[in-house]
Amino acid sequence: MNPATLYGHLKTICKTIGERPTGTLANRQVMEYIGRHLECLGYPVTYQLFDCKEWNVSRASLQSGDQNICVYANPYSPSCDLTTSVQIIRTLEELRYSDVSDTIVMITGDLSQTPLMPKNFPFFNLESHQEIIRLLEEKNPHAVIFTYPGKELTPILIDGDFSLPSVTISESDIPYLLDHSGTSIHLSIDSETTPSRAANILCQIPGEGKKIVLCAHFDTKYYTPGALDNASGVAALLVLVDRLRRGPPKNNIEFVFLNGEECYNAPGEMAYLSSDSVNLQDIGLVINLDGIGLCGNPSSVAYFSMPHTYEAVAEETRKKYPGVVRVDPWPEGDHMIFAQKNIPSIAFSTAAEGNVMKNIIHTSLDTMDRLDIGKIMHTIDAIEATVRKLSEIID
């Protein structure tokens, strides 16, 4: 029954609803789907509401000479309709000392190898990314073109606090712009940003002692159906919600479906941490599900701020599930908002070589056909066993 239920959750989230950035209609549809399912299982459901922004783009185009270049408008970019010259910037030194005020500036080379951290992201940031964003806003070009080096086009900047119109193009299209460097190009973006509301979804199994929190985020970035990131984690958590209510563990179990992990200012995480109903000192353990079930790769587990006794029990349990391997701690994910506060945390994901994950997540390639239902079920079994074993020792 569980595999069919899991498949149904995945199909609804990935295919029926699809792309679901925080604050959008599709995001609200997933919220309603999760909430209804929890209520059908008999759980009292809590919605933690928060303010956010909804962004919609109806058109984005870039023309250089007679060549139309494929572009992604960077999410939250304002509209523009510009015909002007392009100036190419490849290094931070060039950006510091160039006058780009009357041009469209193209950011490439060392400055555009990975997506930039939003300037007001609340948990951590990179100084080099902050300087790039600060210099661009200070120098105030008409617009910014970022280039992306990967095979599948991915926006370089997703930041609702960035004031300039911006797009991302493939690095392979740079020659078309070089051919017309110094001459005019035409950039057009038709978009709108409006205030919106969204929510985290919580439910609990009452128990004693410290709380065990199981969490997964259900939002996506723009332009991706988000199967691996993170419909698989949400679907797995929905199965665990049902399993753990049957013969509940000793501890109070809280299920947290977070909304906004992919958003530029992490509004869902901030809403959870600032809620009057959340006392971090009451949390004995956090288990985060993010990116499990990629075909052809084992699932992974990583430990953060774990006491030796907890980690020893978790590892003894993991070894009974050969499809789950231990990996080094990794910083991107909701487990970090707890681990940074020294709350014992475990993250379940996928162990993959090199850029395998990077070339899938946050892109249009992150589709349901890349998921292995059997692998996700195996990981659910491992998570359930881990919760039950650790509940025996968490006071």
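Here are a few short exercises on this predicted model, each with a worked solution.

Residues are numbered from 1 along each chain as its sequence is written. Local features need pLDDT of at least 70 and side-chain atom pairs count only at pLDDT 80 or more, while totals for chains, interfaces and linings use all residues, and side-chain values use heavy atoms, leaving out hydrogens and water.

**Exercise 1. Work out how compact the protein chain is.**

Start with the parts list: the chain has 10 helices and 14 strands (DSSP runs numbered from the N terminus, H or I of at least four residues for helices, E of at least two for strands). Next, take the radius of gyration, which is 22 Å against the 21 Å that the globule rule gives for 395 residues, so the chain is as compact as a globular protein of that length. That radius is taken over C-alpha atoms, and the rule is 2.2 Å times the number of residues to the power 0.38. Finally, check burial: 57% of the 395 residues are buried, meaning under 20% relative accessible area with a 1.4 Å probe, protein chains only.

**Exercise 2. Find two tyrosines with an unusual backbone angle and say whether they are buried or exposed.**

First, the background: most residues other than glycine have a negative phi. Now look at Tyr76, whose phi is near 80°; Tyr76 sits in the loop between strand 3 (72-73) and strand 4 (80-89). Its relative accessibility is 6%, so Tyr76 counts as buried. Then go to Tyr223, with a positive phi of about 75°, in the loop between strand 9 (208-217) and helix 6. Tyr223 has 19% relative accessibility and therefore counts as buried too.

**Exercise 3. Locate the cis peptide bond.**

Go to Asp229 and Asn230: a cis peptide bond joins them, with omega about 10°. Then place Asn230, which belongs to helix 6 (residues 227-244). For background, most peptide bonds are trans.

**Exercise 4. Trace what His37 meets far along the sequence.**

Begin with its address, helix 2 (residues 25-40). Leaving aside residues up to four places away in sequence, His37 touches His9 and Leu238 (contact means heavy atoms within 4.5 Å). Now compare with Val241: His37 and Val241 are 204 residues apart in sequence, yet 9.9 Å apart in space, C-alpha to C-alpha. Zoom out to the whole chain, and among contacts between residues at least 6 apart in sequence, 79% join residues at least 24 apart.

Terms used
Buried means under 20% relative accessible area, exposed over 50%, partly exposed in between (1.4 Å probe, protein chains only).
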